[in-house]
Amino acid sequence: MRFDTSNFTLDTNSQYGVGSAITAIISAGLIYSYNGFQLAVAFASEIENPKRNIPLSIILSIIIVMLVYMLLQLSFMGSVPHSMLASGWSSLNFHSPLINLAMLLGVNFLAMILIADSIVSPSGTGYSYLGGASRMFYAMAKEGQMPKKTIGKLHPEYNLCRRSLLINFTLTAIFLWNSDSWASLMVIVTGYHLIGYMAAPISMGAIKPSTKLFGLIVFCILGVMMSTLPANDFLKMNLSISILMVIYGSIQIARGMKVKTLLVLSTPFLTYLWLIYFYQNMYYIMLVSALFYVLITHKEYVRLCKETQFIADDAAEIAVNVNQAQRA
């Protein structure tokens, strides 16, 4: 076994461009792997010296994951026997590249470790995300986006909301039950992560208009990446988001939000997702993404969002707190 540097200079390597890289980011689960940095934010209330440690943990987690994946990729590319690459990398038929390569090279103990890790690692990730997602539900309740009385209370000892955990577990079970495979589920989750990332440039443009141009570029890139989702998985993601939006809308209407206001707030993003699903052309998606971004960060739309941030009982509670503060 040796590291073959000639594998990096194959003539067929030139056929893989930016499009292949973007597709790999989605289908190979790279975003899923990098997304662990969000857990540092989700559990921020339990971190000592959060002002220092949260940014540090985010930066270090991204750098460490990047280095690990780069080393794994370099090791794999250099370890594949050159004779197997006569027709290029596309001729390889590895269902599990690292395990298949380890068995091919006779390193069976490494293959066993990788198989064990394929069970342990997702389990640990699942437990971590279960806690992180429950914190997100709790944060939504605190912001008036979910019923505060239902999932806005923390357990005094464990500092978690049990109802939030139960809701998250139920949603997880539904997604697992309706997924064709782990790979398919990972792609759908990656799509959800991309949607979460889209909130960052939108928030930048809405809060600080001087950053709109940068936010627009980032949002368009995320839109193009979203379009590389397999059509079947993209459809499942859009359907699930639409169903969840209906549930969310029902909760908000029951709490006092007007139907017209709800439609104004929710329709643009749902429309955007379905538009880029039905016609996946890069230039079309960039145009639609740009138009959507300009609309969603317009000062009038931002004003409407601010006015509906707190509704019903949350608005009354805030008013009471403000009056008490003024009297004090």
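**Entry 1: a serine to start with**

Which residues does Ser-289 touch, not counting residues up to four places away in sequence? I found Phe-219, Cys-220, Gly-223 and Tyr-272. Contact here means heavy atoms within 4.5 Å.

Before going on, I noted that this is a predicted model, where local features need pLDDT of at least 70, side-chain atom pairs count only at pLDDT 80 or more, and totals for chains, interfaces and linings use all residues. Residues are numbered from 1 along each chain as its sequence is written, and side-chain values use heavy atoms, with hydrogens and water left out.

Back to the serine. Ser-289 sits in helix α13; helices (H or I, at least four residues) and strands (E, at least two) are DSSP runs, numbered from the N terminus. I looked up its accessibility and got a relative accessible area of 0%, so Ser-289 is buried. The cut-offs are under 20% relative accessible area for buried, over 50% for exposed, and partly exposed in between, with a 1.4 Å probe and protein chains only. A polar atom of the Ser-289 side chain lies 2.7 Å from the backbone oxygen of Ile-285.

**Entry 2: how confident is the model?**

I checked pLDDT next, which is the predictor's confidence in each residue, from 0 to 100. The chain averages 80, and 88% of the residues score at least 70. Among the elements of the chain, helix α13 (residues 282-296) has the highest mean, 93, and helix α15 (residues 312-327) the lowest, 47. Residues 310-316 have pLDDT below 50, and in the model this stretch has 13 contacts beyond near neighbours in sequence. Residues 318-322 are also below 50, with one such contact.

**Entry 3: the whole chain**

I counted up the elements: 15 helices and zero strands. Of the 328 residues, 31% count as buried. Among contacts between residues at least 6 apart in sequence, 69% join residues at least 24 apart. The accessible surface comes to about 19,800 Å², and 69% of this surface belongs to carbon and sulfur atoms. Those areas come from the Shrake-Rupley method with a 1.4 Å probe; for residues, only the protein chains shown count as cover.

**Entry 4: helix α10**

Phe-219, Cys-220 and Gly-223 are among the buried residues of α10, and each of these touches Ser-289. I tested the length of the helix: the 15 residues of α10 (residues 212-226) should span 21 Å at 1.5 Å a residue, and the end C-alpha atoms are 20 Å apart, which agrees. The expected span is 1.5 Å times one less than the number of residues.

Val-224 is in α10 as well, and at 13% relative accessibility Val-224 counts as buried. Val-224 touches Met-282, Ile-285 and Met-286, leaving out residues up to four places away in sequence. How far apart are the C-alpha atoms of Val-224 and Ser-289? They are separated by 8.7 Å, with their positions 65 residues apart along the chain.

**Entry 5: the nonpolar cores**

I then looked for nonpolar cores, meaning sets of buried Ala, Val, Leu, Ile, Met, Phe, Trp, Tyr and Cys residues joined through side-chain atoms within 4.5 Å. The largest has 29 residues, and those with the most contacts inside it are Met-226, Met-237 and Tyr-272. The elements giving two or more residues to this core are α9 (182-207), α10, α11 (231-254), α12 (259-278) and α13. Of these, α9 gives the most, with seven residues. Met-237 touches Ile-188, Gly-191, Tyr-192, Ile-195, Met-226 and Leu-229, residues up to four places away in sequence aside. Another core, of eight residues, lies apart from the largest one; Leu-10, Met-77, Leu-92 and Leu-101 are among its members.

**Entry 6: three spots elsewhere**

Leu-30 has its place in helix α2 (residues 30-34). Buried or partly exposed? Leu-30 counts as partly exposed, because its relative accessibility is 25%. Beyond neighbours within four places in sequence, Leu-30 is in contact with Ala-24, Ile-25 and Tyr-69. Leu-30 and Tyr-69 are 39 residues apart in sequence and 8.8 Å apart in space, C-alpha to C-alpha.

Asn-49 lies in the loop between α3 (38-42) and α4 (50-79). Its phi is near 50 degrees, a positive value in a residue other than glycine. Most residues other than glycine have a negative phi. With a relative accessible area of 45%, Asn-49 is partly exposed.

Leu-105 is in the loop between α5 (97-104) and α6 (108-142), and is partly exposed at 28%. Its C-alpha atom is separated by 8.7 Å from that of Val-80, 25 residues apart along the chain.

Notes. A polar contact is a pair of N or O atoms within 3.5 Å; within protein, one must be able to donate a hydrogen and the other to accept it, and residues adjacent in sequence count only if both atoms are side-chain atoms.
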